[in-house]
Amino acid sequence: MGHYIDAWRQGFVFSGRSTRQAFWWFMLIHVLIGFGLIIFDVFTGTFVMEVGLGAFSALYSVASVFPSFAVGARRLHDINFRGWWQVLLVVPLLGVTILCVLFALRSNPGENRFGDHPLAQAG
C-alpha cells in the first residue's frame with residue numbers, strides 16, 4: 001500500500017526513477033480499486049453500460065490520470081527510456097503489450113541519465 005500512496009504523493013513528478021516493485025504494486029492496487037468502484041457503481045445504480053463506468057469509477061479514473069502517467073514515466077526512466085514511450089498506449093493491443101514488457105524489465109543498475117537508482121537513494 002505504501003507504493004500506491006507514494007505514487008499519489010508524487011502524482012505530478014515526472015522526473016526521477018521508480019522500481020519495478022513500486023510500479024507494479026501501484027498498478028495492482030489501482031486496478032483493484034477501479035474494479036471495486038465499478039461494482040460499487042453497479043450496486044448504487046450509477047453505472048452506465050454504454051460508457052463502461054459509473055459516477056464513482058469515472059471520477060477515480062480522471063483523478064488518477066496524472067499519478068498513473070507519472071509513475072509510468074518514472075518506471076521507464078528506471079530502464080533508461082523516456083517517459084514519452086507511454087504514447088504507445090494509443091496503439092491498440094500492440095502498444096499495451098510493448099509497454100508491459102518494458103515495465104517488466106530489470107532496472108538499470110547504478111546511475112543513468114535520469115538519476116540514481118531508486119534503491120540507492122533509499123539506503
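Which residues in H5 are buried? Here are my notes, bearing in mind that this is a predicted model.

1. **The buried side of H5.** The answer is Gly95, Leu99, Leu102 and Phe103. Seen around the axis, they span an arc of only 95°, so they sit on the same side of H5. As for what lies over them, the cover for the buried residues of H5 includes H2 and helix H4 (65-78).

2. **Aromatic pairs, and one between H2 and H5.** There are eight aromatic pairs in the model. One of them joins Phe23 and Phe103, with ring centres 4.2 Å apart and 35° between the planes, which makes the pair tilted. In chain terms the partners are distant: Phe23 belongs to helix H2 (residues 20-44) and Phe103 to helix H5 (residues 94-104), with their positions 80 residues apart. Phe23 has a relative accessible area of 3%, so it counts as buried. Phe103 comes out at 9%, and therefore falls in the buried class too, the cut-off being under 20%.

3. **A pair between H2 and H3.** Phe40 and Phe56 are worth a look as well: their rings are edge-to-face, at 5.0 Å centre to centre and 70° between the planes. This pair also links distant parts of the chain, with Phe40 in helix H2 and Phe56 in helix H3 (residues 55-63), 16 residues apart. Neither ring's residue is in the buried class: Phe40 is partly exposed at 41% relative accessibility, and Phe56 is partly exposed at 38%.

4. **An aromatic cluster.** If you're colouring rings in your viewer, pick out Tyr4, Trp8, Phe26 and Tyr60 together, since they form one aromatic cluster.

5. **A nonpolar patch on the surface.** Now for the outside. Phe12, Phe14, Val65, Phe66, Phe69, Leu89 and Val96 make up a nonpolar surface patch, and their accessible area together is about 640 Å². Which helix gives the most to this patch? That would be H4, with three residues.

6. **Back to H5.** One member of the patch, Val96, is located in helix H5. Val96 is partly exposed, with 38% relative accessibility, whereas Gly95 in H5 is buried. So H5 has residues of both kinds: Leu99 and Leu102 are among the buried ones, while Val96 is partly exposed because its 38% lies between the 20% and 50% cut-offs.

Definitions and conventions: Residues numbered from 1 in each chain as written. Predicted model: local features only at pLDDT ≥ 70, side-chain atom pairs only at ≥ 80, totals over all residues. Heavy atoms only, no water. Phe/Tyr/Trp six-rings, centres within 6.5 Å; stacked < 30°, edge-to-face > 60°. Helix = DSSP H or I, 4+ residues; strand = E, 2+ residues; numbered from the N terminus. Buried < 20%, exposed > 50% of the residue type's maximum accessible area, 1.4 Å probe, protein only. Arc of directions from axis to C-beta. Contact = heavy atoms within 4.5 Å. Patch = residues over 30% accessible without salt bridge, like charges linked within 9 Å, V, L, I, M, F, W, Y side chains within 5 Å. Areas by Shrake-Rupley, 256 points an atom, 1.4 Å probe, with all protein chains shown as cover. Salt bridge = Lys/Arg side-chain N within 4 Å of Asp/Glu carboxyl O.
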